[in-house]
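Trainee: I should like a close look at one part of this model, namely the region where the two chains meet. Please set out the strand pairing, the charged pairs and the symmetry in one connected account.

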Protein chains: 2
Amino acid sequence: MSTQATAVVDEAVMSRVGRFTDRDAFTATGWCSIERTLAVIGTRSAMVLLREAFMGGRRFDDLARRTGLSDAVAAQRLKQLVADGVMAQVPYQEPGARTRYEYVLTSRGRELFPVIVALMQWGDGLDVKPGGLELVHADCGATLGPVVACAAGHEVTVDQTEVRLNRKAAR
Amino acid sequence: MSTQATAVVDEAVMSRVGRFTDRDAFTATGWCSIERTLAVIGTRSAMVLLREAFMGGRRFDDLARRTGLSDAVAAQRLKQLVADGVMAQVPYQEPGARTRYEYVLTSRGRELFPVIVALMQWGDGLDVKPGGLELVHADCGATLGPVVACAAGHEVTVDQTEVRLNRKAAR
């Protein structure tokens, strides 16, 4: 049925339930949590800075160099990430030098771990050349990947997912 | 130690192991799977179109309307998503009308499910006003979230994660 011979069409999607069975019962404008996230970290410069922070980068010169961003772009983006509560500045001092600041993830920043892992794994599958890095579980050595699970601990696929209006949301 | 009284600093990051203990043993340029992913879906327009596709949107008019994108932007972005193998066009025909095409996720597109869920959950935590939608497991009714797990089935946190050079990558 597909017009692209190479594309495998998978028509399973989330099921809309309750009032959201009528998709227009919900206007995403101003309510979409995905868009809220993208407003904070949805730029290439933010994502590559976060990548380096997750891998242990802290100092400005190091972050700028490892991301390939200009100093001006790196400085402006880090300032925004600090303002948004994703990163924080902590002081450090080398012998004989004045106090300077380095950048570390906040707890909110660290909550982006599944985003980082999900983006990384999807990119690994983009072509035959594998990505340059891999993530493994320190305890058992098995490689990591993103999983969607429910609060009861079941792994959940798209076609087992229901999407509904959030009853807690004021409307 | 933080300069922001409100930010909770969490200094746990991934551990670099093997040759990557020297962070400069790896140059991310051209090798970063996160950047590869962002090159395909790293725009707001791509992400909101994918959001609608995951929630059952298929027809152009519907996708453009529900995302708030202009027809020109929606058309151009959908064309690119089809070219990149994330979505595909399938024909449909209403009685008395000519054949038209609607958009569905490919299997590669559907593999973005953890990305969508991770971005959505992080955005839910951005402020006191909850997101407008919630995802639940159809079988048990529990809410969904993103998890990082290893191939052996253990749930893994950032500080249990090791990052190393991919031995399969040609360098």
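Mentor: The account below begins with the basis of the model and then turns to the part requested.

This is a predicted model, in which local features need pLDDT of at least 70 and side-chain atom pairs count only at pLDDT 80 or more, while totals for chains, interfaces and linings use all residues. Residues are numbered from 1 along each chain as its sequence is written, chains are lettered from A and ligands numbered from 1 in the order in which they are written, and side-chain values use heavy atoms, with hydrogens and water left out.

The model scores ipTM 0.89 and pTM 0.89. For chain A the mean pLDDT (the predictor's confidence in each residue, from 0 to 100) is 88, and 88% of its residues reach 70 or more. Among the elements of chain A (helices, H or I, of at least four residues and strands, E, of at least two, taken as DSSP runs and numbered from the N terminus), helix α4 (residues 71-83) has the highest mean pLDDT, 97, and strand β1 (residues 15-16) the lowest, 90. Residues 1-7 of chain A stay under 50 in pLDDT, and the model has 16 contacts (heavy atoms within 4.5 Å) for them beyond four places in sequence. Where pLDDT is low, the predicted coordinates should not be read in detail.

The strand pairing comes next. An open sheet of 3 strands, in the order β4(A)-β6(B)-β1(B), has mixed pairing; two strands count as paired if DSSP finds at least two bridges between them. Strands β4 (133-137) of chain A and β1 (15-16) of chain B stand at the edges, each with a single partner strand, so one side of each is left without a neighbour in the sheet. The pairing of β4(A) with β6 of chain B (residues 161-165) is antiparallel and runs over 5 bridges. Within it, His137(A) has Thr161(B) as its bridge partner in β6(B).

These two strands also carry a charged pair. Side chains of opposite charge can pair when their charged atoms come close. Arg164(B) and Glu134(A) form a salt bridge (a side-chain nitrogen of Lys or Arg within 4 Å of a carboxyl oxygen of Asp or Glu), with their closest N and O atoms 2.8 Å apart. Arg164(B) belongs to strand β6 of chain B and Glu134(A) to strand β4 of chain A, so the pair joins two chains. Arg164(B) is buried (under 20% relative accessible area, with exposed over 50% and partly exposed in between, for a 1.4 Å probe and protein chains only), at 17% relative accessibility. Glu134(A) is also buried, with a relative accessible area of 11%.

Another salt bridge, between the side chains of Arg110(B) and Asp159(A), has an N to O distance of 3.4 Å. This pair likewise crosses between chains, from helix α5 (residues 107-110) of chain B, which holds Arg110(B), to the loop between β5 (144-150) and β6 (161-165) of chain A, which holds Asp159(A). Arg110(B) counts as partly exposed at 21% relative accessibility, and Asp159(A) is partly exposed at 43%.

A further salt bridge lies within chain B, where the closest N and O atoms of Arg59(B) and Glu102(B) are 3.1 Å apart. It links distant parts of the chain, 43 residues apart: Arg59(B) is in the loop between α2 (44-54) and α3 (60-67), and Glu102(B) is in strand β3 (residues 100-105). Arg59(B) is partly exposed at 32% relative accessibility, whereas Glu102(B) is buried at 8%. Salt bridges that share partners also join residues of both chains into one network, including Arg23(A), Glu35(A), Arg44(B) and Asp62(B). Over all chains, the count comes to 26 salt bridges.

The symmetry completes the picture. Chain A is superposed on chain B (by least squares on the C-alpha atoms of residues with pLDDT of at least 70 in both) by a rotation of 180° with 0.0 Å of shift along its axis, at an RMSD of 0.0 Å. The two copies are therefore related as by a two-fold rotation axis. Of the residues of chain A, Val147(A) comes closest to that axis, its C-alpha lying at 2.5 Å. The same surface serves both copies, since 100% of the contact residues of chain A recur in chain B.
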